[in-house]
Structure formats: C-alpha cells, structure tokens
Amino acid sequence: MGARCSKFSFCWWHSHLKPSLLDSSDMENGGKNEKNALPSFTEFSLDELKIATSGFSPENIVSEHGEKAPNVVYKGLLENGRWVAVKRFNRSAWPDSRQFLDEAKAVGNLRSERLANLIGCCCEGEEKLLVAEFMPNETLAKHLFHWENQPMKWAMRLRVAFYLSQALEYCSSKGRALYHDLNAYRILFDLDGNPRLSCFGLMKNSRDGKSYSTNLAFTPPEYLKTGRVTPESVVYSFGTMLLDLLSGKHIPPSHALDLIRGKNFLMLMDSCLEGHFSNDDGTELVRLATRCLQYEARERPNAKSLVTSLMSLQKETEVPSHVLLGIPHGTATPPQPLLLTPMGEACLRKDLTALHEILEKTGYKDDEGIANELSFQMWTNQMQETLNSKKHGDAAFRAKDFITAIDCYTQFIDGGTMVSPTVFARRCLCYLMSDMPQEALGDAMQAQVVFAEWPTAFYLQAAGLFILGIENDAQEALKEATKLEAKRSKN
C-alpha cells in the first residue's frame with residue numbers, strides 16, 4: 001500500500017473518526033454511500049406504522065421485556081422497504097403532545113453513524129410512537145452477557161467504548177448531552193457489526209418514565225439526591241458500561257471500586273479475556289472507569305476527553321467490526337413481517353368502507369363450486385323467493401343501505417335452499433357497519449364453516465376481533481388470512 005492510508009489504518013482513524021464524526025449534512029446526503037442516506041425526520045400516521053409492524057404483532061416485538069415493558073419496541077418494514085424500530089409508548093406517557101413532538105423533532109435532527117438515528121414519530125390521540133433505524137445484530141447485553149459462540153474480543157470491547165464515547169460527544173456538541181438510563185441494552189449493532197447508541201434514550205423523560213430503570217446500585221449518586229439527570233450523570237453511567245466491558249458482567253460500581261482500591265483489578269477482568277490483553281491496556285481502562293465513577297460529579301471527565309483517552313487504546317483497527325464480533329456480514333435481515341394485501345390493510349385500519357368496496361368488486365366469484373351444491377333441486381317458488389331476497393340484498397348492499405341488506409340476506413340464509421359464503425361475508429360487513437361486531441363475527445365464522453380455506457372469512461374475523469379489541473386473536477386470524485391468500489395466489 002505504500003504510504004497511502006487504507007480505510008482501516010491508524011491515520012484513517014485520526015482523520016475520519018475524530019470527535020466531530022460525520023456531521024448532519026454528511027449523513028443526510030448519504031456520505032460516501034447514497035444507498036444508506038437517511039430520510040429527513042417524518043411524521044408518520046398510525047395506520048402506516050400499524051401496517052409496518054403487522055398491526056403491532058407480538059411476533060415483531062424486539063424490546064428486552066417483551067409485552068410486559070411499559071413502552072414496547074417493534075421491528076417494522078415501511079412501504080419503501082426500510083426496516084425500522086418502532087417504540088410505542090404507554091398511553092399514560094407524554095400527556096403533553098406538543099412536548100412530545102418538540103422533543104422528537106429535536107432528537108430527529110441528529111444524524112450520526114454512531115447513533116441508531118431517529119427518523120420519525122407519530123402522535124395521534126393517545127398514541128405516541130418513535131421510529132428509528134433498525135439495528136439487526138442484537139444488543140451489547142446479548143453479545144457481552146449472553147453470548148453463544150464466542151465471548152466478545154478485547155479489541156471489540158475497546159471499539160464499543162470508543163464508538164459510544166464518540167456518540168456521546170457528538171450529542172453533546174449538538175446540545176443533547178443528557179441521556180436517560182445508559183446501559184448495555186441501549187447499545188445496538190448495525191448490519192456491519194458496528195455498535196451504535198439508541199436514540200430513544202435521548203428523549204426527555206415522559207411522565208411515567210424514570211431516568212434510571214436499573215438497580216439503584218448503578219445509579220449516579222447525585223441522581224439519588226435530586227432526581228435529575230446531568231451530563232455528569234451520563235459520564236457516570238458510561239463508567240458502569242466500562243465495568244461491563246472489562247468484566248463481562250454487570251457489576252455494581254461500589255463492588256468494582258473496592259476491588260480497584262485493593263489493587264485487585266485483575267479479579268475484575270473477564271476470565272475469558274485471559275492472555276488476550278496487555279496489563280497496561282487493562283490498567284488504563286480501569287483508570288478511566290474510576291474517573292467516570294467519581295462520587296463528586298465535577299471530578300468526572302467530559303465526553304470529549306473520553307474520546308481522546310479511548311482513541312489511543314484501539315486495537316486491530318483494520319479488522320471490520322463484524323469479524324471481531326464473529327457474525328456473518330450482511331445476512332442479518334430480520335424475518336419478513338406479514339406482507340398484507342389491501343384487504344388485510346383495511347382490516348388493520350378497521351376501514352369498513354374499503355372492505356365494502358373490495359367485497360362489492362369481488363362479487364360472488366368465490367362461491368363457484370360451493371353455492372350451487374343444491375342446484376339439482378327443482379326450481380320451486382320457494383327457491384325463486386330465496387334468489388330474489390339475495391338480489392334485493394345485493395342492491396341494498398351496493399346502495400349502502402345496510403339494515404335492508406341484513407334483512408334480505410337473512411331471508412336468503414333462512415330459506416336454506418342455497419349455501420353462499422359470500423352472503424355470510426356481506427351480511428358480516430353489514431353488521432360491522434351497523435355497530436354489531438358480535439353478530440358480524442358469527443357470520444365470518446359461519447363463512448369459514450361453509451368454505452374452510454377462504455381468506456375473506458378470516459379477514460372478516462380479524463376485522464371483527466380488532467373492533468371488539470381482542471388484538472391477539474385478531475392477529476392470528478389476519479396471519480391465517482394472509483397465508484391462505486399467498487397459498488391461493490401460488491396455485
């Protein structure tokens with residue numbers, strides 16, 4: 001290579017990964033890679049995010065405490081093919097919608113390769129949601145505390161500390177020095193295996209939130225006194241993160257500091273790292289953690305000096321992060337969520353008008369081979385009356401006279417001479433339009449009895465269940481409808 005700098009050489013680190021990082025314009029214009037250019041901050045509709053997350057399906061939950069968390073994070077796929085993480089707040093959170101929007105827009109203006117950037121939000125009624133870049137390669141907690149194939153390498157631990165310090169320094173330089181509850185679950189790994197800081201912790205606290213959800217043993221001493229987060233509190237939390245990286249465990253700072261004061265810092269080190277780091281490097285990182293964990297807030301270093309201290313400790317800078325992390329490169333694509341059809345989307349949105357249009361357009365083509373099972377019977381007057389009642393019902397359905405349609409379709413069904421799943425489906429929608437979801441659900445299930453693998457029967461069950469607020473069962477019905485429709489389109 002001669003005297004030229006390779007992308008991963010040490011001089012590249014100094015010229016490209018200085019504390020200033022990529023500024024906002026670099027990121028928004030795509031930097032060196034147009035494909036990764038981030039969109040400007042967007043206000044999404046609730047319907048868009050419902051569709052992206054398959055109706056906030058439990059299968060798409062990626063937050064650590066699952067459905068039990070007060071604020072749940074889902075993975076989702078936007079219409080433009082971009083993967084996102086969608087944080088849905090508890091309904092009692094953020095009572096002030098204006099404050100929520102202002103905070104989201106301020107955090108959404110940040111753009112850095114060291115952050116999982118905020119690209120949008122949604123504020124509709126009681127619903128408050130944030131939309132961020134999706135990071136497909138798990139959290140630091142997973143790779144550090146719950147690893148399966150290999151413990152995290154020393155060089156990668158140093159890189160995590162360095163990148164995190166850069167993220168905090170960038171945020172400070174943009175006037176967002178406060179970060180709430182910095183911990184190993186807040187560090188996420190992108191497609192290239194690079195660690196990034198979640199943008200969610202940059203949002204100012206909502207009413208029900210706490211700045212520190214972790215054990216009080218890990219909480220900055222001044223926060224216990226005042227209940228307020230300061231830039232120095234964030235540095236204290238950074239110190240606890242350094243202890244995590246050194247030990248591979250979540251050790252309370254007081255216990256770690258006792259070991260350090262007793263000159264037993266090697267007892268603090270992760271036994272998996274034995275023989276893979278120099279004592280000088282270990283000592284330097286322990287010294288930095290100790291400075292961050294000073295009881296007096298004013299004695300702690302600032303983010304800028306953390307970057308400087310950690311830059312000189314970096315190892316194997318030419319090795320890509322995914323190699324150090326031991327993960328395949330570019331293959332961590334999240335499982336595909338349900339790709340909903342127009343009918344599926346209408347069910348999710350509870351858009352009965354759209355469902356009416358679809359049923360009207362489809363007509364009776366799905367009844368072929370089912371509705372005429374009894375056509376060998378003689379054309380009696382009763383059959384003619386039954387057919388006339390269906391015809392009048394269809395006219396009322398078309399005219400959106402749903403009460404008349406219910407009466408006519410009921411006469412047809414009670415006539416008992418012909419079987420039609422479509423009539424059950426149409427009467428089901430008429431019931432939904434007339435605010436009778438329980439009766440609608442009965443008809444959707446009856447349509448399934450008549451035609452066991454009919455997607456429309458399951459779609460209408462999903463619509464009824466969504467309207468009744470029975471979310472989990474609605475999700476199952478929607479999933480079944482989508483599978484049946486996909487199977488049908490293959491045949």
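How many disulfides does the structure hold? The structure, which is a predicted model, holds 0 disulfides, and the views below begin with its cysteines before turning to aromatic rings, charges and one helix.

**View 1. Cysteines C122 and C408, with the cysteine sulfurs closest to them.**
For C122, the closest cysteine sulfur belongs to C123 and lies 7.2 Å away, which is too far for a bond, given that a disulfide requires the two sulfur atoms to be within 2.5 Å. C408 likewise takes part in no disulfide, the nearest cysteine sulfur being that of C430 at 9.7 Å. With a relative accessible area of 1%, C122 is buried, and C408 is also buried, its relative accessible area being 11%.

**View 2. The aromatic pair of W83 and F134.**
The search of the whole structure finds 10 aromatic pairs. In the pair formed by W83 and F134, the ring centres are 6.4 Å apart and the planes meet at 45°, so the arrangement is tilted. W83 belongs to strand β3 (residues 83-88), whereas F134 lies in the loop between β6 (127-133) and α5 (140-145), so that the pair ties together parts separated by 51 residues in sequence. Both partners are buried: W83 has a relative accessible area of 18%, and F134 has a relative accessibility of 16%.

**View 3. The aromatic cluster of F89, W94 and F100.**
W94 and F100 have ring centres 5.5 Å apart and planes at 65°, so this pair is edge-to-face, the angle lying over the 60 degrees that this class requires. W94 counts as buried at 1% relative accessibility, and F100 is buried with a relative accessible area of 0%. Together with F89, these two residues, W94 and F100, make up one aromatic cluster.

**View 4. R88 over the ring of F56, and the charged network that includes R88.**
R88 is placed over the face of F56, at a distance of 4.1 Å from the ring centre. The same residue, R88, is also linked with R91, E126 and E127 in a network of salt bridges, and the view therefore shows R88 in both an aromatic and a charged setting.

**View 5. K390 between the ring of Y364 and the carboxylate of D394.**
The charged end of K390 sits over the ring of Y364, at 3.8 Å from the ring centre. K390 also forms a salt bridge with D394, in which the closest N and O atoms are 3.6 Å apart. Since K390 and D394 are 4 residues apart in helix α16 (residues 381-398), about one helical turn separates them. Both ends of this salt bridge are buried, K390 with a relative accessible area of 18% and D394 at 9% relative accessibility.

**View 6. The salt bridge of K479 and E476 in helix α21.**
The search of the whole structure finds 25 salt bridges, and one of them joins K479 to E476, with the closest N and O atoms 3.4 Å apart. Both residues lie in helix α21 (residues 471-490), where K479 and E476 are 3 residues apart, or about one turn of the helix. The two partners fall into separate accessibility classes, as K479 counts as buried at 13% relative accessibility, whereas E476 counts as partly exposed at 45%.

**View 7. The salt bridge of E296 and R298.**
E296 and R298 form a salt bridge whose closest N and O atoms are 3.4 Å apart. R298 is exposed, with a relative accessible area of 70%, while E296, at 35% relative accessibility, counts as partly exposed.

**View 8. Helix α6 and the glycine that follows.**
Helix α6 (residues 154-173) consists of 20 residues and reaches 29 Å from its first C-alpha to its last, a span close to the 28 Å expected at 1.5 Å a residue. The helix is mostly covered, with 18 of its 20 residues buried. After α6 comes G175, whose phi is positive, near 80°.

Technical notes. Residues numbered from 1 in each chain as written. Predicted model: local features only at pLDDT ≥ 70, side-chain atom pairs only at ≥ 80, totals over all residues. Heavy atoms only, no water. Phe/Tyr/Trp six-rings, centres within 6.5 Å; stacked < 30°, edge-to-face > 60°. Helix = DSSP H or I, 4+ residues; strand = E, 2+ residues; numbered from the N terminus. Buried < 20%, exposed > 50% of the residue type's maximum accessible area, 1.4 Å probe, protein only. Lys NZ or Arg CZ within 6 Å of the ring centre and 35° of its normal. Expected span 1.5 Å × (residues − 1). Salt bridge = Lys/Arg side-chain N within 4 Å of Asp/Glu carboxyl O.
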